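Please open the structure in your viewer and keep the selection panel at hand, for the stops below are meant to be followed in order.

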2 protein chains.
Amino acid sequence: MSLKHAILGFLNYKSMTGYQLKQRFDKSVRYFWNASLSQIYPTLSQLKEDGLLTLEVKYQDSSPNAKIYHITDKGREELRNWLIEPLEPQPHRSAFLIKIFFGANIDQNLIISQLNQRLELAESNLAKYQQIRNEITENHSLKNSFTLFESLTVDYGIKSMEAVIAWYRESIEKIESLKRKEM
Amino acid sequence: MSLKHAILGFLNYKSMTGYQLKQRFDKSVRYFWNASLSQIYPTLSQLKEDGLLTLEVKYQDSSPNAKIYHITDKGREELRNWLIEPLEPQPHRSAFLIKIFFGANIDQNLIISQLNQRLELAESNLAKYQQIRNEITENHSLKNSFTLFESLTVDYGIKSMEAVIAWYRESIEKIESLKRKEM
DNA sequence: CGCTACATGTAATGAGTTACATGATTTT
DNA sequence: AAAATCATGTAACTCATTACATGTAGCG
């Protein structure tokens, strides 16, 4: 499970609560790994039981007690081993491509409009990624290895968005051109 | 669930058994939707219970009885509705990008070698997709809408492989160049 | 007075993988 | 003799989502 290792990765930089972890996820890796609080909390308990984390309870008047998790040596080793060992490539599932595959069954205009919707979404995502990219480049030099690796993940987003945008455009054109021939 | 609709999509073309469905999946959509027999069989039962399929049992001497499933009118309607209605964009998870994100924690050569592994894999996938693409173009004219939509899914594979290949190459170079600066 | 932020969880359900279980026929 | 093909499934487990449940403090 990668959630475990992502949590270990963040806690390796800084001890924090589940709530804060969620915020870290949302601020950095959300575009390729989303995690909900209802998944983070049980995972933290489990990591603690496995001896990869320790728990420090901070009693607070103002808000509920905060559970601050710290990574242990065993946790750091687990993280390191996971990072070192090559990962089996995961097959990726795309329900959208299933729809395209069976696209001949419905009116082509309905497919085109769905492609257009996705195209707009991809364009707005691309703009977001480019903005994040600019912020990284402005604030840090890429000589810092932490920054370099973070920027690589953003570059991945940019490159893949550019590729799908081109695909959406070409696909729409091809379907339009088929329509013309069928008339 | 898209598996249901993919099954309906195939059965809409031709009635068949779960085993044959698996073969169809493997021959066409495997690159963006894999399905195992242990998932196909219960899903077929469920689709039958929901009245989207009917079952015809073919008794055979040579091999176990074959259960041939046929799509019903209700099934065709369900397929059509699913194809027509826009799909919520699914967030994609990449454990590999999590590794890259935390890449600063380990020796950079270990990251580079993992990137190289993936690069080789992506190149061989690209070659496969291009071959499939050539076969489609040779055997059918793209004026046929069934063929067009199938070819679009292959084009998606080609375009996204080309994009990640470029990303792998650039990432490796950037890490190499960081190494040089750090020496 | 309601919304957001802080802070924690549980329970039910869905979707998918892996392991287990059976058995005949055909090809290597 | 072993492996692949045809043909069916069940059970256990993992991972993730959605709904449910609780409560304070501060801001507009």
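Begin with both chains of this predicted model selected together: a rotation of 180° with 0.0 Å of shift along its axis superposes chain B on chain A, and the RMSD of that superposition is 0.0 Å. The two copies are thus related as by a two-fold rotation axis. In general, two copies of a chain are related by a rotation about an axis and a shift along it.

**The interface as a whole**

Next, select the residues of each chain that are in contact with the other chain, which gives 68 residues of chain B against 68 residues of chain A. Of the interface residues of chain B, 100% are also interface residues in chain A, so the copies meet through the same surface. The area buried between chain B and chain A comes to about 6,800 Å², and carbon and sulfur atoms give 73% of that area.

If you now switch on polar contacts across the interface of chain B and chain A, the rule finds 26 residue pairs, with both residues of each pair at pLDDT 80 or more. Colouring chain B by secondary structure shows where its contacting side comes from: α1 (2-13), α4 (73-84), α5 (95-101), α6 (108-139) and α7 (145-182) of chain B each supply at least two residues of the side that touches chain A. Among these, α7(B) gives the most to that side, with 21 residues. Colouring by class instead, you will find 37 nonpolar, 16 polar and 15 charged residues on the side of chain B that touches chain A.

**Salt bridges between the chains**

Side chains of opposite charge can pair when their charged atoms come close. How many salt bridges are there between chain B and chain A? The count is four between these two chains, while over all chains the count by this rule comes to 14 salt bridges.

Select A:Lys174 together with B:Asp155, whose side chains meet in a salt bridge with an N to O distance of 2.9 Å. A:Lys174 lies in helix α7 (residues 145-182) of chain A and B:Asp155 in helix α7 of chain B, so the pair joins two chains. Are the two partners buried or exposed? A:Lys174 counts as partly exposed, because its relative accessibility is 26%, whereas B:Asp155 is buried, with a relative accessible area of 10%.

Stay on B:Asp155 and display its surroundings: leaving out residues up to four places away in sequence, B:Asp155 touches A:Trp167, A:Lys174 and B:Arg133. With B:Arg133, the side chain of B:Asp155 also makes a polar contact of 2.4 Å.

A further pair to select across the interface is B:Glu170 with A:Lys159, which form a salt bridge in which the closest N and O atoms are 3.1 Å apart.

**Salt bridges within one chain**

Move to helix α7 of chain A and select A:Lys179 and A:Glu176, which both lie in that helix, three residues apart, or about one turn of the helix. Their side chains meet in a salt bridge, at 3.3 Å from N to O. A:Lys179 is partly exposed, with a relative accessible area of 24%, and A:Glu176 likewise counts as partly exposed, at 28% relative accessibility.

Then turn to chain B and select B:Glu123 with B:Arg169, a salt bridge whose N to O distance is 2.4 Å. This pair links distant parts of the chain, since B:Glu123 sits in helix α6 of chain B and B:Arg169 in helix α7 of chain B, 46 residues apart. B:Glu123 is partly exposed, with a relative accessible area of 31%, and B:Arg169 counts as partly exposed at 44% relative accessibility.

With those in view, add A:Arg133, A:Asp155 and B:Lys174 to the selection, which salt bridges that share partners join into one network.

**A last stop in helix α6**

Finally, select B:Leu121, which has its place in helix α6 of chain B. At 38% relative accessibility, B:Leu121 counts as partly exposed. To see a separation within chain B, draw a line from the C-alpha atom of B:Leu121 to that of B:Arg76, a residue 45 residues apart from it along the chain; the two C-alpha atoms are separated by 38 Å.

How values were computed: Residues are numbered from 1 along each chain as its sequence is written. Chains are lettered from A and ligands numbered from 1 in the order in which they are written. This is a predicted model: local features need pLDDT of at least 70, side-chain atom pairs count only at pLDDT 80 or more; totals for chains, interfaces and linings use all residues. Side-chain values use heavy atoms; hydrogens and water are left out. Contact means heavy atoms within 4.5 Å. Buried area is the accessible area (1.4 Å probe) that two parts lose on being put together, summed over both. A polar contact is a pair of N or O atoms within 3.5 Å; within protein, one must be able to donate a hydrogen and the other to accept it, and residues adjacent in sequence count only if both atoms are side-chain atoms. Helices (H or I, at least four residues) and strands (E, at least two) are DSSP runs, numbered from the N terminus. Ala, Val, Leu, Ile, Met, Phe, Trp, Tyr, Cys and Pro count as nonpolar, Asp, Glu, Lys and Arg as charged, and the others, Gly among them, as polar. Buried means under 20% relative accessible area, exposed over 50%, partly exposed in between (1.4 Å probe, protein chains only). Copies are superposed by least squares on the C-alpha atoms of residues with pLDDT of at least 70 in both.
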